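Visitor: I would love a close look at one part of this model, with its surroundings filled in afterwards. Could you take me through the strand pairing and then work outwards from there?

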Amino acid sequence: MTVITKQDVNPTAHLTPEDIEQLGVELDAIRQDILDARGEKDAAYIRKVVDVQRRLELGSRAVLLVSVFPPAWIAGTVGLSIAKILENMEIGHNVMHGQWDWMRDPKIHSTTWEWDNASTAEGWKHSHNEVHHTYTNIVGKDNDLGYGIMRVDEDQRWAPFHLGQPLWNFINACFFEYGIAAYDLELGKNLSTPKEKRSEKFKSDARKTLAKIRKQATKDYVVHPALGLPTGSVLPILAANFTANLVRNVWSHSVIMCGHFPEGVETFERKSIPENETRGQWYLRQMLGSANISGSKLMHLMTGNLSHQIEHHLFPDLPSSRYAEIAPRVEQLFEKYGLNYHQAPLPQQVASAWHRVVRLSLPNGWLATTTPKNLPQQLKLLYGMSTGGPKIRRAAQARLVQLEKRQKAVAAEAKAA
Amino acid sequence: MTSTALPRVATLAGPAGPTWRQRIRSVAEAAVTPLDLDDVLDVFAPLRGGAPLRGRVVSVSAETEQSSTLVIKPGKDWAGHVPGQYLRVGVEVDGVRLWRTYSLTHGPRPDGCISITVKAIPDGVVSNHLVRRVRAGQMLHLGQAEGDFVLGDPMPGKLLLVTAGSGITPVIGMLRNLYSKAATPALDIVLLHSALSRSEVIFGDELRDYAARGLIRLVELHTDVDGLLDVADLDDIVPDLAERATFACGPVGLLDALEDHHGSRGLPLHIERFRTELLAAGDADQTNVLTFSSGTTLEADGSTPILDAAENAGVLMPSGCRMGVCFGCVLPLREGVVRDLRNGEITTAAPGDGVAIQTCISAAAGPCHIDH
C-alpha cells in the first residue's frame, strides 16, 4: 500500500471537510461517555491486574528456585512469561499512556511507572506516546514504520540492506526489548554522528538506558539464578529467564506488528498533512492507519488490549478495559462514513504483516513483474540494483514500477474484454 | 517508582560497611527491580513499618442519621497523637483518591486504633462515601496527626469549649481522654454546643452522661428550638467567661464572631477551622495568577492553555503532542482550579491531593500553583 494521496482511489475522497468534523464530534461524544462512566469498577480492574501480575511473577520466580525439576521449570517459565507480558502490555504500556492518571494514585501513574523492560519508561514515552501517537503512519515522521531497519511502505525508498529485512525483523522480534531501547535512543542516527557532536541529551539517555539494562540483566541473569544455588537450579533459572524474555519479546513484537503492518493499513504523505491538523482529521488518520485483532477475551488481555488498536489510537488515554465496550460504536462510525474497519484474527494479521515485510524487502514492482521464465534476468537486475549505487537503483526502480503499471493495465483490459 | 513512605532513618553503611540487613535489602531490591521493594511488600503486608501510612477500617458505626464513627487500625508507623489533633485521610471514591482532614475522636486507645467521626454534608463526595459506603476491612490512606488545637501541658484549670455541629469531634477526643483515665482530673469545664436539633447532636448521650456525672457543665443549643448561637449572649450563659480559656471549633461565622468578641476583650482563644470552602471556577475570560515553585509568576486567562501561557512568559515547560494525547506535558498542580479545554471539565486541587494536569489542554480557572 502506498500513501493514500498516491493511490488510484483515496479512501477518504468521498468525505467533505464537514463530514470529517462531524466524525470528530461523534468520536468526542464516545470519549465523553466513557469519561462520565469511568470510576470505581475501572480502578478495581487495574488494581486487580497489578495484584495478579505481581503474585504471578513472584510465584513463578519462587517455583523456578527448584527448576532443576522439569515440571517446576515449565510451570515457572510459563508463569514468568505471562507475568512479563502482562506487565509490559496490559499494565506498563497503558499506565504510561496516562490511562490511569485520573485515579491520583502515585503508584499507578504515567509520571512514576517504570516498566519491566530493557528500555526506560522515559525513552518509551517519548518515542511511543509523543512521536508515534502524534505522527501515526506519516511516512518520514512515524519511525514505527519499520523502526529504521525495514521498509513497510512503497513510499519508503528501497535500499540493498532491505533484502535482509525478514531476518532483521526476526532478530528484532527475539531481542525486542533491546530493539526498543536502541530505537528510543535513535541509536543508528546518533552513533553515526561523530562523538564530539553527539548531543548531551543522547549521552544522558544512553547512560540511563545502560543503567536500566544492567539492572534488568542483573535481576534475570545474576541474582535470580544465584538464589537457585542451594537446589542446583542456577542454569535452569538462567535459561528460564532467557526463555521468558524471549517469549515476551516475540509475542509483543508480533502484536505490535499487527497494529500497523497488515496489508491494507493506510499510510500518509508528510506534505498532505495540514500544518494545524484538526481533531477530525487526526481521528481519521488514526482510524485508517490502525488494524484490530479479533479473538477471545484472553487474547485481548494478553495483547494489552492492543487488539483494539483502532480504539486505542483514537483514545490512547481511555482505560484499556473500556476499548471492547466502545468497539461496536466505533465500527458503526466506520460504516457510516464509508471507511474500512481493518480487523481479522491473530494468525491472519500476523501473516499479513510478515507478508508485507517480505514483499517490501524487494524493490517496488519486482515481485509483480517476476515470472519463473524471467527469473534469471530479474535476479540479475536485483544484483545490479544492489551493487550499482543510488542512481542505478532509482532508474531501475522507476522502470520496474512502470512495467508493473503496464502489466496491470493490460490485465485490466483483458478482464474487461 | 517513587515511594510515598515516611523518610526512613538513614540507611547509610556504617564504618564497618553495609550491615547484613542492608545487604539483604540490596539483594531483594535487585531481585524485584524495577519495582520498589515496598511495592512487593505491599502485596503481603500493607500496614508494616516503612510503608506509606495506611489504616484498615475496623468498624463503622452510626452516631446520628448523618454521621458515623470509623475505627481504624493504623499502620505500624503511626506516631501517635494528642487529643484535639486531626489527620488527613485519603479514600478512593469512584476510583479517585481524595483527601480530607478529620479530627481524631478518641484519645490514644489501648487497642492502638484511632477513630474519626464523619458527618455527611449535603453533596459532600468524601463524607457521604465514608458515612454510607465504607465497610470494615477496607483500606484508607492516612497522614500523621497534625494540629495545635490541644489543651496543652499544664492544662488550664477552667475551660470554655464552644462547638457547633461536627466541631464537637476534636472536643470529644479531649473529653474521652480526660475521663477515661483512672484518676479524674479536677477541671472546671463548660461545654457550649450548638446543633441543628437534639437528634443531630453527635455523641449526645455521652455528653449528657458526662454532665449528669458532674464532670462538665453542658449547655445545648438546638437551632430548631433556640435559634443560632449569638456570641453576644456568651456572658449570660457563662458569667465567669473572663476566667476561662476558650477553645472553639465550628463554622466560619461562629469562629470569626468569637475572634472579634474575645479579641476585643483580650481573652485567650484557641480555634480550629475546618476548611470547607470549595474553590470555585471562574469563567473563560477571567484573568488568573499562575505561580510556579521556581518562583515565576504570570497571568493567564481561562481560555489559554497553561502550557502556552507559560511558554509565552519565557518558562521552559515539558511538552509533547500539544493536543492532550501523549501526557508529555503533565505537571503537579499543588493547588488551584483548572478547566479542560476539550470538554469543559473542572479540576480542583488542594495541597496534598496529588493532582497532576496536562498543561497543553488545561486553562487556569482560578489562581493556580504548579510544582515546576
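Guide: Let's start with strand E7 (residues 158–164) of chain B and strand E8 (residues 188–195) of chain B, which pair in the parallel sense over seven bridges. One bridge to pick out is that of Ala164(B), whose partner in E8(B) is Ser194(B). Please keep in mind that this is a predicted model. Five of the seven residues of E7(B) are buried, so this strand is largely enclosed by the rest of the structure.

Now step back to the domains. Chain B is divided into domain 1 (1–44), domain 2 (54–142), domain 3 (158–273) and domain 4 (287–370). Between the C-alpha centres of domain 3 of chain B and domain 4 of chain B there are 43 Å.

For a contrast in pairing sense, go to strand E12 (residues 287–292) of chain B and strand E13 (residues 297–301) of chain B, which are antiparallel and share five bridges. Here Thr287(B) stands opposite Asp301(B) in E13(B). E12(B) and E13(B) form a hairpin with four residues between them. In that turn, Gly295(B) has a positive phi of about 110°.

Another piece of chain B worth your time is an open sheet of six strands, with the order E4-E3-E6-E1-E2-E5 and antiparallel pairing. E4 and strand E5 (114–119) of chain B stand at the edges with a single partner strand each, so one side of each has no neighbour in the sheet. From one strand to the next, the twist averages 40°. Looking at one edge in detail, strand E3 (residues 86–93) of chain B is joined to E4(B) by eight bridges, and the two run antiparallel. Tyr86(B), for instance, has Ser103(B) as its bridge partner in E4(B).

E4(B) also leads us to the other chain. The contact between the chains takes 28 residues from chain B and 37 residues from chain A. On the side of chain B that touches chain A, helix H1 (20–32), helix H2 (37–44) and strand E4 (96–103) of chain B each supply at least two residues. By class, that side of chain B has 15 nonpolar, eight polar and five charged residues.

Across in chain A, the division is into domain 1 (1–361) and domain 2 (364–416). Their centres, taken over C-alpha atoms, are separated by 35 Å. Five residues of domain 1 of chain A are in contact with four residues of domain 2 of chain A. The domain 1 side of this contact divides into three nonpolar, no polar and two charged residues.

Let's finish with a pair of helices in chain A. The axes of helix H15 (residues 375–387) of chain A and helix H16 (residues 390–416) of chain A come within 7 Å and cross at roughly 145°. H15(A) makes the contact through Leu381(A), Gly384(A) and Met385(A), while H16(A) uses Ile392(A), Arg393(A) and Ala396(A). By class, this contact has four nonpolar, one polar and one charged residues. H16(A) has 27 residues and reaches 39 Å from its first C-alpha to its last, close to the 39 Å expected at 1.5 Å a residue. H16(A) is hardly covered, with a count of one buried residue among its 27 residues. Set that beside our starting point, E7(B), where five of the seven residues are buried.

How values were computed. Residues numbered from 1 in each chain as written. Chains lettered and ligands numbered in written order. Predicted model: local features only at pLDDT ≥ 70, side-chain atom pairs only at ≥ 80, totals over all residues. Axes fitted to C-alpha atoms, helices over the stretch in contact; angles between N-to-C directions. Contact = placed C-beta atoms within 7 Å. Nonpolar A, V, L, I, M, F, W, Y, C, P; charged D, E, K, R; others polar. Expected span 1.5 Å × (residues − 1). Buried ≥ 20, exposed ≤ 12 C-beta atoms within 10 Å, placed from the backbone. Domains from an automatic or database assignment. Pairing = 2+ DSSP bridges.
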